[in-house]
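This report describes enclosed cavities and salt bridges in a predicted model. The structure is shown first, and the account follows under short headings.

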Amino acid sequence: MTVERLLVHRGTFASTSRSGDITGRRGDTPDGLFLRDARHLSRWRLTVDGVAPSLLTSSDDGCVLTPEGGRDEPPAYSLFRRQAVDTGSLTERLRVVSNRAEPATVEIALEVDADFADQFELRGDHRRYDKADGRRTAADRNDGVTFRYRRGADWDARTTVTASPTPASVRPLEPQGTARLLTWRLTLPGHGATELALSVRAVPHGAAEPPAPPHPMAVRNRHAAEEDCFVQARPRPRSLTHWDELARACAAGLADLARLRVPATGPADEPLLVPAAGIPWFLTLFGRDSLLTSLFALPYRPELAADTLLALAATQGTRYDTDRLEQPGRIVHEVRHGELAHFRQVPYGRYYGSVDATPLFLVLLEAHSAATGDPGLARRLEPHARAAVEWMFRDGGLGGGYLRYTSDAARGGLAHQNWKDSEGAICFADGRHPKGALAVAEVQGYAYDALVRTARLARTVWGDAGEADRLEKAAADLRERFRRDFWMTGPDFPALALDGEGRQVDALASDAGHLLWSGILDSADARTVGRRLLEPDFFSGWGVRTLAAGQAPYHPLSYHRGSIWPHDNAVVVLGLARSGLAEEASRIAHGLVQAAAAHDWRLPEVMAGYGRDEHPVPVPYPHSCSPQAWAAATPLALLTALGGASQAVR
């Protein structure tokens, strides 16, 4: 079964087949009902009169099914299946409509189960986790069944399935296991209809049980109204550009951003809605992803930036914890709520393995103040900003030269702490992996921008001229030594990184484009880099590759060594616009918008690196998240780069 329907709201999502079924699959496209990193429904399979009905049509609003039939003996009835998710719940209404004048009896059966699998278990990376003390049970009810998962005295989660009318029977599907078969025998009047109402309520460990959800259409109408309010709020991208295709991509991106917002809390426990990274694996707060998404959307939806800054301030590091890589002032990389994170079998419960989230936090804080004209948030978060600055100088390594990190892969953490965080993503041109504490190029640009912007806040908002002078001097010093240490005279291009011994990691990579955005390069170098990124080995026609083709480690289906990332290109386009390379910015923007058109206006997280000359449409990357937040926000960044933000109401 291919997962083809996705229902999502406020951190709860359901992936089903086009007919609305769930089979419990794992791997790249797991299906199920998910909440707080766990699968609360792993089987949801409908049969009618003993067989699976045929699908006539399917959409986000529901599907129409029928039993087998033919031209001479058409189906006796049709089934209209509607589903919706709300926070912590899935609701379904199954309406059975008679197509004949004679009364009939219909036998409906539903296979249900909840495996409570942690999302880290479901990935196709073959990892195994010890859960020997976990126990799953199923308790039959008159109106359904309650599934429960306990692990020691520290973990208790449950899922309750109820139905109206009550099932004729609830019985085990197999001799062993928790799966249940719910059955109904419904009387169907001639040319009449009958309806079955089903409700699934998921209660993660430590959470309260959600209320019973209303009819799916009532839920979907409410969600549609909320989404429409977000998408149609002013300024509307369509009013800021004459390029209709870009406007359509912006509207699709805003709709995805509306769905990807998840609950969080601020420093005063105030409720917030922040952009989660993406589905299926990353529907949670991510420092880097949420920050860049909010930066792209800032001229159009500044509330995303405000909530993201507050949520990250509330989770900012306050102590030293080597298991989580927490350090005082450091901005969190990701926050997880699942079982494996709770028991520290993965380090990601609150994981700080990011070298770039902290400077990006400072960049967004000043950018929000400038874009809105309201310094109130910058005043409120002054202690957090100062702590972030001190982390960069103290533990980040900027005081001794550059922001650096060492791999955390040996402990189950991330191999790299910049946005290219996969194994082997940072490499020499011959494919060798650098060793030691790495200083990645684009992160130094972020640090430079953070110092410049925070100096501006210190001088104009906090009234601290001394701190402003200190940060401005540090920024100037960083800019000077960056040119000296990173610029490669042969290719006339910046190195991807410096290794632990200060040697240039010489692979030609898209990270260089981020340096135009941050302003760490002078204008001549920026224009040299910008034009180089439009050469055929970098630019595929759809976007700039993460690694230029022709180098030994290049692979068009590698996650970070030859693929094309829309958000990466968005940063490049913003940098090109800043550097006065309008024609180059427009070329990449047109490639991305055409790629969006090929994906029904929704840009994926990542695309394969094959060029337009090799295939007439973008080749999908096989493990891409969709929807994904910074890809959804990419059209907004393109609009900004092409001048739309200058017309936005601030």
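## The largest cavity

The residues lining the largest cavity are Leu35, Arg36, Ala38, His40, Phe116, Tyr149, Trp155, Ala157, Pro204, His205 and Glu339. The space inside the largest cavity amounts to about 60 Å³. In this predicted model, a search for cavities of 30 Å³ or more returns 2.

Two strands, strand 4 (38-41) and strand 13 (155-164), each give at least two residues to the lining of the largest cavity. Sorted by class, this lining consists of 7 nonpolar, 2 polar and 2 charged residues.

## The second largest cavity

The second largest cavity has a volume of about 30 Å³. Its lining is made up of Ala249, Ala252, Gly253, Asp256, Trp601, Arg602, Leu603, Ala631, Ala632 and Pro635. Two or more lining residues come from each of helix 3 (244-260) and helix 16 (629-641).

Helix 3 provides the largest share of the lining of the second largest cavity, with 4 residues. The classes represented in this lining are nonpolar, with 7 residues, polar, with 1, and charged, with 2.

## A salt bridge between strand 8 and helix 2

Across the whole structure, 60 salt bridges are found. One of them pairs aspartate 86 with arginine 222, whose closest N and O atoms are 2.4 Å apart. Aspartate 86 belongs to strand 8 (residues 77-86) and arginine 222 to helix 2 (residues 216-232), so this salt bridge ties together parts that are 136 residues apart in sequence.

The two partners fall into separate accessibility classes. Aspartate 86 counts as buried because its relative accessibility is 13%, under the cut-off of 20%. Arginine 222, with a relative accessible area of 33%, is partly exposed.

## A salt bridge between strands 10 and 11

Arginine 136 and aspartate 113 also meet through their side chains in a salt bridge, with an N to O distance of 3.7 Å. This pair links distant parts of the chain, with arginine 136 in strand 11 (residues 134-141) and aspartate 113 in strand 10 (residues 104-113), 23 residues apart.

Aspartate 113 has a relative accessibility of 10% and therefore counts as buried. Arginine 136 has a relative accessible area of 35%, so this residue is classed as partly exposed.

## A salt bridge between helices 13 and 15

A further salt bridge joins the side chains of arginine 531 and glutamate 584 at 4.0 Å, N to O. The partners lie in distant parts of the chain, 53 residues apart: arginine 531 is in helix 13 (residues 523-532) and glutamate 584 in helix 15 (residues 582-598).

At a relative accessible area of 42%, arginine 531 is partly exposed. Glutamate 584 counts as buried, because its relative accessibility is 14%.

## A network of shared partners

Salt bridges with partners in common connect Arg319, Asp321, Asp323, Arg324, Glu326, Arg344, Asp408 and Arg411 into one network.

Notes
Residues are numbered from 1 along each chain as its sequence is written. This is a predicted model: local features need pLDDT of at least 70, side-chain atom pairs count only at pLDDT 80 or more; totals for chains, interfaces and linings use all residues. Side-chain values use heavy atoms; hydrogens and water are left out. Buried means under 20% relative accessible area, exposed over 50%, partly exposed in between (1.4 Å probe, protein chains only). On a 1 Å grid over the protein atoms alone, a cavity is a set of points where a 1.4 Å probe fits but cannot get out, and a pocket is an open set with protein on both sides within 12 Å along at least five of seven lines; lining residues have an atom within 4 Å of a point. Grid points are joined across faces, edges and corners, and a volume is the space filled by probe spheres set on the points. Ala, Val, Leu, Ile, Met, Phe, Trp, Tyr, Cys and Pro count as nonpolar, Asp, Glu, Lys and Arg as charged, and the others, Gly among them, as polar.
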